[in-house]
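Here are my notes for a first reading of this model. Please go through them with the structure open.

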Amino acid sequence: MGSGRPSDAIRVLRRTQRATDRYPERRGLPRPPVQWDRFRALVVPAARPGPAPTENVLRSPHH
């Protein structure tokens, strides 16, 4: 992240965000929807004590 200064980290994050936004635009693709329910499913098991669930909640629905 550069020299380790906070400004370097912010610069890298902004540059990455712009590149991420340009990728689908250049290809004429729609912005993919975020599957928030899958992210929330990760938070709930992590907050509870005990063994982690074995199901992969981020598995692609196409596989």
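1. Start with a term. A residue is called buried under 20% relative accessible area, exposed over 50%, and partly exposed in between. R5 has a relative accessible area of 48%, so R5 counts as partly exposed. Keep in mind throughout that the model is predicted.

2. Now the overall picture. The protein has two helices and zero strands. Helix α1 covers residues 6–27, and helix α2 covers residues 36–47. The protein is 63 residues in length, and 3% of them count as buried. About 6,100 Å² is exposed. Carbon and sulfur atoms supply 58% of that area.

3. How many salt bridges are there? The count comes to three. Two of them involve D8: one with R5, one with R11. The third joins R31 and D21.

4. Look at D8 next. Is D8 buried or exposed? D8 is buried, because its relative accessible area is 5%, under the 20% cut-off. Its side chain meets that of R5 at 3.5 Å, N to O. With R11 the N to O distance is 2.9 Å. R5, D8 and R11 are thus linked in a network of salt bridges.

5. The D8 and R11 pair sits within one element. Both residues lie in helix α1, three residues apart. That spacing is about one turn of the helix. R11 is partly exposed, since its relative accessible area is 42%.

6. The remaining bridge has another setting. The closest N and O atoms of R31 and D21 are 3.5 Å apart. This pair links distant parts of the chain: R31 is in the loop between α1 and α2, while D21 is in helix α1. Ten residues separate them. R31 is exposed, because its relative accessible area is 68%, over the 50% cut-off. D21, at 29% relative accessibility, counts as partly exposed.

7. Both partners of that bridge turn up again at the largest pocket. D21 and R31 are among its lining residues. The others are Q17, T20, P24, E25, L29, P30, P32 and V34. What is the volume of the largest pocket? The volume is about 200 Å³. Its lining divides into five nonpolar, two polar and three charged residues.

8. V34 deserves a second look. V34 helps to line the largest pocket, and V34 is also part of a nonpolar surface patch. Which residues make this patch with V34? They are W36, F39 and L42. The patch has an area of about 400 Å².

9. One last check concerns L42. Its place is in helix α2. L42 is partly exposed, because its relative accessible area is 38%, and that value lies between the 20% and 50% cut-offs.

Conventions:
Residues are numbered from 1 along each chain as its sequence is written. This is a predicted model: local features need pLDDT of at least 70, side-chain atom pairs count only at pLDDT 80 or more; totals for chains, interfaces and linings use all residues. Side-chain values use heavy atoms; hydrogens and water are left out. Patches are made of residues with over 30% relative accessible area and no salt bridge: like charges are joined within 9 Å, nonpolar side chains (Val, Leu, Ile, Met, Phe, Trp, Tyr) within 5 Å. Accessible areas come from the Shrake-Rupley method with a 1.4 Å probe; for residues, only the protein chains shown count as cover. A salt bridge is a side-chain nitrogen of Lys or Arg within 4 Å of a carboxyl oxygen of Asp or Glu. Helices (H or I, at least four residues) and strands (E, at least two) are DSSP runs, numbered from the N terminus. Buried means under 20% relative accessible area, exposed over 50%, partly exposed in between (1.4 Å probe, protein chains only). On a 1 Å grid over the protein atoms alone, a cavity is a set of points where a 1.4 Å probe fits but cannot get out, and a pocket is an open set with protein on both sides within 12 Å along at least five of seven lines; lining residues have an atom within 4 Å of a point. Grid points are joined across faces, edges and corners, and a volume is the space filled by probe spheres set on the points. Ala, Val, Leu, Ile, Met, Phe, Trp, Tyr, Cys and Pro count as nonpolar, Asp, Glu, Lys and Arg as charged, and the others, Gly among them, as polar.
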